[in-house]
Amino acid sequence: MSFQYGQFGTGFLRSWPPESAMHFDEAVKNRGTNLTIIELTQTGVDSYRQPVYSETSHTEKAFIERRGRERNEPPGILKLDTVRIYLALWAAVDEGGYEVEIEGIRYHVEASIKTDAYLMLEAVRKVD
């Protein structure tokens, strides 16, 4: 579990997640795809004043919806891949400072939306 488990309601009134979240968690455990969630922590700046990050990662199971397209640019074909990732409600990920790796491809988390059953992330492929 993660640091968010047990925090389901104003003032922590509810100690268990909704039943729909429990059903979704069971489904994603049985049929979900493994992915790696990477937390980026800024550790300093380099000589060009660009941020330097350290990474910590953990594995989660999720349902993945891909929406890809390509654009022909002067140096070649640019792959513009976006994904929607459906995770358990208590997954330890947010939109600020997180990336997701799916089958060796890194995505930057742009948005996170919580429903009563799952956490949905929208992520954009990082340019190689």
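**A colleague's note: start at Val100**

1. Val100 is a handy way in. Leaving aside residues up to four places away in sequence, Val100 touches Leu35, Thr36, Ile85, Ile105, Arg106, Tyr107, Val109 and Leu121. Keep in mind as you look around that this is a predicted model.

2. Several of those names come back in the core. The largest nonpolar core has 16 residues, and those with the most contacts inside it are Leu35, Ile85, Leu87, Val93, Val100, Ile102 and Leu121. Strands β1, β3 (76–87), β4, β5 and β6 each supply at least two residues of this core. As general background, nonpolar side chains in soluble globular proteins tend to be buried together.

3. Now for strand β4, residues 98–102. How many of the residues of β4 are buried? The count is 4 of 5, so call the strand mostly covered, with buried meaning under 20% relative accessible area.

4. β4 has a partner in β1 (residues 33–45): the two run antiparallel and are joined by 4 bridges. To find your place in that pairing, look for Thr36, which stands opposite Glu101 in β4.

5. β4 also pairs with β5 (residues 105–114), again antiparallel and again through 4 bridges. Here Glu99 stands opposite His108, and Ile102 stands opposite Ile105. The hairpin of β4 and β5 has 2 residues between the strands, and Glu103 takes a positive phi near 50° there.

6. Carry on along the chain and you reach β6 (residues 119–125), which pairs with β5 in the antiparallel sense over 7 bridges. The hairpin joining β5 to β6 runs through 4 residues. His108 turns up again, standing opposite Val124 in β6.

7. On to the charged side chains. A search of the whole structure finds 7 salt bridges. In one of them Arg106 pairs with Glu55, with the closest N and O atoms 3.0 Å apart. Arg106 lies in β5 and Glu55 in β2 (residues 51–73), so this pair ties together parts that are 51 residues apart in sequence. Arg106 counts as partly exposed at 24% relative accessibility, and Glu55 counts as partly exposed at 46%.

8. Another salt bridge brings together the side chains of Arg84 and Glu122, at 3.2 Å from N to O. Since Arg84 lies in β3 and Glu122 in β6, the pair ties together parts 38 residues apart in sequence. Arg84 has a relative accessibility of 25% and counts as partly exposed; Glu122 is partly exposed with a relative accessible area of 25%.

9. Glu99 deserves a second look. The Glu99 side chain forms a salt bridge with Lys126, the closest N and O atoms being 2.8 Å apart. Glu99 lies in β4 and Lys126 in the segment after β6, so the link spans parts that are 27 residues apart in sequence. Is Glu99 buried or exposed? At 4% relative accessibility, Glu99 counts as buried, while Lys126, at 35%, counts as partly exposed.

10. These charges also connect up. Salt bridges that share partners join Glu55, Glu99, Glu101, Arg106 and Lys126 into one network. Two of these residues you have already met in the strand pairings: Glu99 stands opposite His108, and Glu101 has Thr36 opposite. Arg106 is also one of the residues that Val100 touches, which brings us back to the starting point.

Methods. Residues are numbered from 1 along each chain as its sequence is written. This is a predicted model: local features need pLDDT of at least 70, side-chain atom pairs count only at pLDDT 80 or more; totals for chains, interfaces and linings use all residues. Side-chain values use heavy atoms; hydrogens and water are left out. Two strands pair if DSSP finds at least two bridges between them. Buried means under 20% relative accessible area, exposed over 50%, partly exposed in between (1.4 Å probe, protein chains only). A nonpolar core is a set of buried Ala, Val, Leu, Ile, Met, Phe, Trp, Tyr and Cys residues joined through side-chain atoms within 4.5 Å. Contact means heavy atoms within 4.5 Å. A salt bridge is a side-chain nitrogen of Lys or Arg within 4 Å of a carboxyl oxygen of Asp or Glu.
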